[in-house]
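Colleague: I should be grateful for a close look at a single part of this protein, with its surroundings described in a connected way. Please choose the part once the structure is before us.

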Amino acid sequence: MGAAASVDASAGVALEAAKASLGDKFNEAKWNEAATDGKVSKEVWEKWVADETVAANAEAAAGGMVAAIDTSDDKQISKEECAAAGHSAEKVEEIFAKIDADKDGQLTKEELAETIAKDTKDAAKTTAATAQVAALDTDGDKTKVSEEELAVAVGSPEVAEAVMKAADTDKDGALSIEEVAAACPKVEATANEAIVADAAKVVEATA
């Protein structure tokens with residue numbers, strides 16, 4: 001994935017460049033669905049690379065956790081092993097409630113990787129959403145965007161009203177950082193761009 005992170009995608013990415021960059025991670029069906037005129041857009045490419053980068057890092061981290069905590073050599077982590085790693089009984093239950101998808105009392109590498117990947121993407125989106133809210137906010141609280149502030153930013157009270165209806169899930173008349181992170185495509189695009197940029201920095205540092 002190192003090469004993929006360093007591809008210049010500003011004008012889109014062509015098939016051969018995508019294949020060369022992604023290697024065995026290249027998915028032809030995914031390409032055919034997303035490509036237009038033989039290329040995928042910068043946004044599509046960065047989402048693809050971000051997803052693959054996060055998944056690879058999460059899988060590596062999950063593997064390391066299982067190797068470090070699993071003492072029975074069954075390639076899983078039990079509640080007892082989790083507790084032995086230094087977690088309180090309350091924390092163990094919290095961890096298993098979040099990660100143990102099939103509720104069998106064991107944490108697999110796959111369950112850990114899925115949770116780590118989700119947390120990584122959510123954190124990147126929250127960072128991007130925080131910056132977006134701060135940029136749109138005019139009253140100085142930096143935590144919410146009102147419909148009036150949104151209208152100024154987009155240049156249309158009608159658009160602002162429509163966005164507010166769709167995204168203001170708690171119906172308090174303002175968009176929180178969490179609501180912006182969940183609803184704004186630009187936030188996800190910015191988050192993916194940041195993940196790709198971070199991956200490129202790692203490549204440059206190890207080159």
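The exchange below concerns one helix and the elements around it.

Colleague: Which residues of α8 are buried, and against which elements do they pack?

Modeller: Let me begin with the setting. This is a predicted model, and its protein chain has 11 helices and six strands. The C-alpha trace spans about 60 × 45 × 30 Å along its principal axes. Of the 207 residues in the chain, 36% are buried. Among contacts with a separation of 6 or more, 52% join residues that are 24 or more positions apart.

Helix α8 runs over residues 147–154. Its buried residues are Glu-149, Leu-150 and Ala-151. These buried residues pack against two helices, α7 and α9, and two strands, β5 and β6. Just after α8 comes Gly-155, with a positive phi of about 75°.

Within α8, Glu-149 deserves separate attention. This residue is buried and yet has no salt bridge. The nearest side chain of opposite charge is that of Lys-142, 8.2 Å away. With neighbours within four places in sequence left aside, Glu-149 is in contact with Leu-136, Asp-137, Thr-138, Asp-139 and Lys-144. Two of these contacts lead on to other features. Leu-136 is one of the residues nearest the centre of the largest pocket, and Lys-144 forms a salt bridge with Asp-172.

I take the pocket next. Its volume is about 190 Å³, and 13 residues line it. Nearest its centre lie Gln-132, Leu-136, Leu-150, Val-163 and Cys-184. Leu-150, then, is both a buried residue of α8 and one of the residues nearest the centre of the pocket. Helix α8 is accompanied in the lining by α7 (109–136), α9 (157–167) and α10 (177–183), and each of these four helices supplies at least two lining residues.

The salt bridge of Lys-144 brings in the strand before α8. The side chains of Asp-172 and Lys-144 meet at 2.2 Å, N to O. Because Asp-172 lies in the loop between α9 and β6 while Lys-144 belongs to strand β5, the pair ties together parts that are 28 residues apart in sequence. Asp-172 is partly exposed, at 37% relative accessibility, and Lys-144 is also partly exposed, with a relative accessible area of 29%. Elsewhere, salt bridges that share partners join Lys-42, Glu-46 and Glu-193 into one network.

The loop that holds Asp-172 also contains Lys-171, between α9 and β6 (174–176). Lys-171 has a positive phi of about 55° although it is not a glycine. Most residues other than glycine have a negative phi. With a relative accessible area of 58%, Lys-171 counts as exposed. A positive phi of about 55° is also found at Lys-103, likewise not a glycine. Lys-103 lies in the loop between α6 (89–99) and β4 (106–108), and at 56% relative accessibility it is exposed.

Helix α7, one of the elements against which the buried residues of α8 pack, takes part in salt bridges as well. A search of the whole structure finds 12 salt bridges. One of them joins the side chains of Glu-59 and Lys-109 at 3.7 Å, N to O. Since Glu-59 lies in helix α4 and Lys-109 in helix α7, this pair ties together parts that are 50 residues apart in sequence. Glu-59 is partly exposed at 41% relative accessibility, as is Lys-109 at 32%. Another salt bridge, between Lys-118 and Asp-122, has an N to O distance of 2.7 Å. Lys-118 and Asp-122 are four residues apart in helix α7, so they are separated by about one helical turn. Lys-118 is exposed at 53% relative accessibility, whereas Asp-122 is partly exposed at 32%.

Finally, Asp-70 offers a parallel to Glu-149. Asp-70 lies in the loop between α4 (42–69) and β3 (76–78). It is buried yet has no salt bridge, and the nearest side chain of opposite charge, Lys-75, is 5.8 Å away. The side chain of Asp-70 does reach the backbone nitrogen of Asp-73, at 3.1 Å. Not counting residues up to four places away in sequence, Asp-70 touches Met-65, Lys-75, Gln-76 and Glu-81.

How values were computed. Residues are numbered from 1 along each chain as its sequence is written. This is a predicted model: local features need pLDDT of at least 70, side-chain atom pairs count only at pLDDT 80 or more; totals for chains, interfaces and linings use all residues. Side-chain values use heavy atoms; hydrogens and water are left out. Buried means under 20% relative accessible area, exposed over 50%, partly exposed in between (1.4 Å probe, protein chains only). Lys and Arg count as positive and Asp and Glu as negative; His and the chain ends are not counted. A salt bridge is a side-chain nitrogen of Lys or Arg within 4 Å of a carboxyl oxygen of Asp or Glu. A polar contact is a pair of N or O atoms within 3.5 Å; within protein, one must be able to donate a hydrogen and the other to accept it, and residues adjacent in sequence count only if both atoms are side-chain atoms. Contact means heavy atoms within 4.5 Å. On a 1 Å grid over the protein atoms alone, a cavity is a set of points where a 1.4 Å probe fits but cannot get out, and a pocket is an open set with protein on both sides within 12 Å along at least five of seven lines; lining residues have an atom within 4 Å of a point. Grid points are joined across faces, edges and corners, and a volume is the space filled by probe spheres set on the points.
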